[in-house]
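Got your viewer open and a cursor ready? Load the model below and we'll walk through it stop by stop.

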Amino acid sequence: MPVTSMVKLARVDFANTDPAQFRAAVKLPRSLKLRAQGVALRIGVKISGGHEEFQDFMLREVSDPGDVLVLNKELDANTHIFAYRLDPGEVDRLVAFRDALKKKQEASGRRGGSITISIRPDACRRGDLPASPVYVTTYVQTAETGGYIPLARDVDLRTASPGRDAAAEIPPCG
């Protein structure tokens, strides 16, 4: 994660931020296409007693072109960007998850903890991928950030996981 993103995310109060305003975006090479249910938000929370929970929330592609237009400066001829949001039902699930974790934190009598957020795109490939790096960038936006900020910039799927070429595992689009 870029340092500038860390600074901006540190200002977000995830315990109280409005999840209905949450947005995510994914930049992919044009040789990849996201599947219909292709993007999930994964939140991991570790509260100060050592208790850790992860939850996935499905994101739906945003139909408002304005959500993607603000990221046009990130594009080049070989990439495309897709923007996503939480459906109302997923917003409710996220609020319930957050509320349950707050209660566990209060019950433990301790303060503090940590949160991890990741955007998990599920893509297919349109033909053969080049032998060169396959870069993916993810972005998040909350009410507090005032715009999209990179969560993970130019992650090469060929080398991101040690000993594993995730790009080679991407199935063809069918």
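Here is a tour that goes from the sheet to the cores and then to some charged side chains.

Two notes before you click. This is a predicted model, where local features need pLDDT of at least 70, side-chain atom pairs count only at pLDDT 80 or more, and totals for chains, interfaces and linings use all residues. Residues are numbered from 1 along each chain as its sequence is written, and side-chain values use heavy atoms, with hydrogens and water left out.

**Stop 1: the sheet**

Switch to cartoon view and find the open sheet of seven strands, ordered 5-2-3-4-1-6-7 with antiparallel pairing. Helices (H or I, at least four residues) and strands (E, at least two) are DSSP runs, numbered from the N terminus; two strands pair if DSSP finds at least two bridges between them. Select 113-125 and 149-156: these are strand 5 and strand 7, the edge strands, and each pairs on one side only.

Now pick residues 52-61 and 79-86. Those are strand 3 and strand 4, paired in the antiparallel sense over three bridges. Arginine 60 sits across from arginine 85 in strand 4.

Next, click aspartate 154 in strand 7. Its phi is near 50°, a positive value in a residue other than glycine. At 38% relative accessibility, aspartate 154 is partly exposed (buried means under 20% relative accessible area, exposed over 50%, partly exposed in between, with a 1.4 Å probe and protein chains only).

**Stop 2: the cores**

Which residues touch the most other members of the largest nonpolar core? Select Leu41 and Ile119: they do, out of 32 residues in that core. A nonpolar core is a set of buried Ala, Val, Leu, Ile, Met, Phe, Trp, Tyr and Cys residues joined through side-chain atoms within 4.5 Å. Strand 2 gives the most to this core, with seven residues. Stay on isoleucine 119 and show what it touches beyond four places in sequence; the list includes Phe22, Val39, Tyr139 and Leu151 (contact means heavy atoms within 4.5 Å). Another core, of eight residues, lies apart from the largest one, with Ala25, Val62, Ile81 and Tyr148 among them.

**Stop 3: arginine 98 and threonine 17**

Jump to arginine 98 in helix 3, residues 88-108. Buried or exposed? Arginine 98 is buried, with a relative accessible area of 14%. Leaving out neighbours within four places in sequence, its contacts include Phe14, Asn16 and Thr17.

So follow that last contact to threonine 17, in the loop between helix 1 (3-10) and strand 1. Threonine 17 is buried too, at 9% relative accessibility. Its side chain makes a polar contact of 2.7 Å with the side chain of glutamate 144. (A polar contact is a pair of N or O atoms within 3.5 Å; within protein, one must be able to donate a hydrogen and the other to accept it, and residues adjacent in sequence count only if both atoms are side-chain atoms.)

**Stop 4: salt bridges**

The structure holds eight salt bridges, each a side-chain nitrogen of Lys or Arg within 4 Å of a carboxyl oxygen of Asp or Glu. Go back to arginine 60 and add aspartate 87: their closest N and O atoms are 2.8 Å apart. Aspartate 87 lies in the loop between strand 4 and helix 3 and arginine 60 in strand 3, so the pair ties together parts 27 residues apart in sequence.

Last, select arginine 164 with glutamate 169, a salt bridge with closest N and O atoms 2.9 Å apart. Then bring up Arg60, Arg85 and Asp87 together, since salt bridges that share partners join them into one network.
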